[in-house]
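Hi there,

Here is the structure I promised to pass on. Please have a look at it first, and then read on for what turned up.

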Amino acid sequence: MFSTAFLDLPPLTGASGTVRLPGSKSISNRVLLLAALASGTTTIHDVLDSDDTRVMLDALRALGCGIEPEGSVVRIAGLGGRPIGNTALLELFLGNAGTAMRPLTAALSLLGGEFELSGVPRMHERPIGDLVDALTQLGCRIDYLGNPGYPPLRIHPVDHAALVLDAPIRVRGDVSSQFLTALLLALPLASSLRDIVIEVVGELISKPYIEITLNLLARFGIAVRRDGWERFTIPAGSSYRSPGDIHVEADASSASYFIALGAIATDAGGHAGIRIEGVGADSIQGDIRFVEAARQMGAQVDSGPNWLDVRRGAWPLQAIDLDANHIPDAAMTLAVMALHADGPSTLRNIASWRVKETDRIDAMANELRKLGATVETGQDFIRVFPLAPAGWQPASIRTYDDHRVAMCFSLAAFNPARVPVRILDPHCVAKTFPEYFETLFSVVEAPEVPVICIDGPTASGKGTLAAEVARLLGYHYLDSGSLYRVTGLAARRAGLGAEAPNEARIAALAAALPLQFTEGKVLLAGEDVSDAIRTEAAGMDASRVSALPAVREALLALQQRFRRLPGLVADGRDMGTVVFPDASLKVFLTAHAAQRAERRHKQLISKGISATLDSLRSDLEARDARDASRSVAPLKPAQDARHLDNSELSIEQSIEQVLNWWQQTQPFEPAAPSV
């Protein structure tokens, strides 16, 4: 998961391959709550691991549920509908998770305890008054702790005998379907003696989400009777019963991004289209109907019970005019697809967008305009005009802490103008799809993956600088010096001196190195050799094997394979001159030999390795002379390298300088991440 201040996406072209989607947020949080309310233990498979499900699980633990997570499986020992009965105040923080705040408000109002529910500032701007009004009709006692109609809330216990159940409970349906879902999930707690009737006032929006709720209630033994979309009856004597095992479908809303990807991207690597696994034609989620909208726009989609195959069909895409009330979350993806259409596309009946994680109508319009698009909006619609190839503009996309905005606009990196896109605060995808960008990168290709090269003499601080720049940009990291050091170590272990007679054997060894860089460690066939390759002897071995042409050739292809999306920071000698001569930014890092010797001395002493400053300085000067005069690729800065003498600079200052230089190569407004 990317936790950087921003994530730069280079222009993307082709896409092909298979993606496995995470579990549905809507299903996951409903099932977690139902399992907590039910009698018995429920084993839930393929639960989404995200911000929203974590706050739900934290809340259920606080309520006393037994919870045993194991990978994507969670076992929950339910409360059996028993009152909590806590007299001490229990405070629950629910982030920005509407699928936790709304249902828990209803359930806790009937579980007999003192609770305080709060969230992030945006959650305190999301309306909940219609749900609270419905619950107070019933006799529940709920106070607003801030603005009336919005969280945070204080919930007080109520005796079920005092509840008013002889009249229908009325709730508005035209603001959020989550209000009705919350009542449906919670009211079986109060249905021991008589039927409970819910009446919907106004048109019910997002009906497919209610279908999900009813389907899952049935799995837990609650058979709700429905009279159209206006009246719902929970039978007297209803009680939650665990189904034992239950599987969470993959998220159909998340599928929309990859359906769109298949529709707009050309094939890559000789393979056709995108295969999506985990959700298919028999999904209980309403957002699966996004497939119908994608087909209307020209996508070719085949489907089975648990999979979708998507390929590019009509091009340009065909403009669409759609009542998108049935797919409110997934419809956001259509707004980005509309940039590739043959005319203006209109999405109607989407007023619910305005009360989501952000005002999504305004957010989508603002960011589409940054790309160069003409956009019209109203209270419940958005109209997007297509962009001509020359009209696309590079843009820094503000995500408003809204996961769906971030994922939608990643698709804008596919554009005929070949301009990049910057996604601000990419971490927000953790709400539903923490590994979204990694999954996207696994199936797309870019004409050019950006590379930053950090070159320079021994002990100039290349590794520290490069690793931190890579972390701040979310890029992959290549420590080429480690490659030569590991090769030297492997050769020494194999009894091969770094001499010409052994050149071919050492080269073959280097070409097959089972090497990984992970969490600051260097792993050789799974063994952590980070310390073993940092000794002075290992440094000498590295310098010797790097002078062997066949070894350098063997490692060249290995190093170039580290060039993967979203980008690479490559540290080491000859990075900008030999390995990545087309790198977007090349930095030649230097420092006085005395300064480098002092840094190396401190490093060795901290590890308990004895050394003297004079010997270290002499050794560094000798290596500098040897590296600069070798016959094969002598150490020297690339002609277009930027020189950075860090003799008098802190590491933070060096990082800031490199990031500033990198910003200058990008077409975005300056926004370097803080060091």
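Which residue in E29 is the bridge partner of Tyr477? The partner is Val569. Before going further, please keep in mind that this is a predicted model.

That pair is a good way into the sheet around E29. E25 and E29 run parallel and are joined by 4 bridges. E29 is also paired with E24, again in the parallel sense and again over 4 bridges. In that second pairing, Cys453 stands opposite Ala570 of E29. Moving on from E24, strand E30 (residues 585-590) pairs parallel with strand E24 (residues 451-455) through 4 bridges, and there Ile454 has Val587 as its bridge partner.

Put together, this is an open sheet of 5 strands with parallel pairing, in the order E25-E29-E24-E30-E31. Its edges are strand E25 (476-479) and strand E31 (642-645), each of which pairs on one side only. From one strand to the next, the twist averages 20°.

What happens on the two faces of strand E29 (residues 568-571)? Both are covered. In a regular strand, side chains alternate between the two faces of the sheet. For E29, Leu568 and Ala570 are on one side, Val569 and Asp571 are on the other, and all four are buried.

Two helices are worth a look in this region. Helix H21 (residues 651-664) lies across E24, E30 and E31, and runs at about 165° to E31. The other is helix H14 (residues 480-493), where you will find Ser480. Ser480 has a relative accessible area of 1%, so it counts as buried. Leaving aside residues up to four places away in sequence, Ser480 touches Gln559, Asp571, Gly572, Arg573 and Met575. Asp571 is thus a contact of Ser480 as well as one of the buried residues of E29.

Now to the charged side chains. Side chains of opposite charge can pair when their charged atoms come close. How many salt bridges does the structure hold? The count is 40. Three of them make useful examples:

- Glu125 and Arg122 meet through their side chains, at 3.3 Å from N to O.
- Glu199 pairs with Arg231, with the closest N and O atoms 2.7 Å apart. This salt bridge links distant parts of the chain, since Glu199 is in strand E11 (residues 196-201) and Arg231 is in strand E13 (residues 231-234), 32 residues apart. Arg231 has a relative accessible area of 32%, so it is partly exposed.
- Asp402 and Arg360 form a salt bridge at 2.7 Å, N to O. This pair also links distant parts of the chain: Asp402 is in the loop between strand E22 (395-397) and helix H11 (403-410), Arg360 is in helix H10 (residues 360-370), and 42 residues separate them.

Is the Asp402 end of that last pair buried or exposed? Asp402 is buried, because its relative accessibility is 0%. Arg360 is buried too, because its value is 1%. Both residues belong to a network of salt bridges, which links Lys25, Asp52, Asp251, Asp329, Lys356, Glu357, Arg360, Asp402, Arg404 and Lys431.

Two members of that network, Asp329 and Lys356, turn up again when we look at the cavities. Rolling a probe the size of a water molecule over the atoms shows where empty space is left. There are 5 cavities of 30 Å³ or more, and the largest cavity holds about 240 Å³ of space. Its lining has 25 residues, and those nearest its centre are Thr99, Arg126, Gln178, Asp329 and Lys356. Helix H1 (25-37), helix H3 (98-109), helix H5 (177-186) and H11 each supply at least two residues of this lining.

Finally, some overall figures for the protein chain. It has 21 helices and 31 strands, and its C-alpha trace spans about 95 × 60 × 45 Å along the principal axes. Of its 675 residues, 58% are buried. Among contacts between residues at least 6 apart in sequence, 77% join residues at least 24 apart.

Happy looking, and all the best!

How values were computed:
Residues numbered from 1 in each chain as written. Predicted model: local features only at pLDDT ≥ 70, side-chain atom pairs only at ≥ 80, totals over all residues. Heavy atoms only, no water. Salt bridge = Lys/Arg side-chain N within 4 Å of Asp/Glu carboxyl O. Buried < 20%, exposed > 50% of the residue type's maximum accessible area, 1.4 Å probe, protein only. Pairing = 2+ DSSP bridges. Axes fitted to C-alpha atoms, helices over the stretch in contact; angles between N-to-C directions. Contact = heavy atoms within 4.5 Å. 1 Å grid on protein atoms, 1.4 Å probe; cavity = no way out; pocket = protein on both sides within 12 Å on 5 of 7 lines; lining within 4 Å. Points joined across faces, edges and corners; volume = space filled by probe spheres on them.
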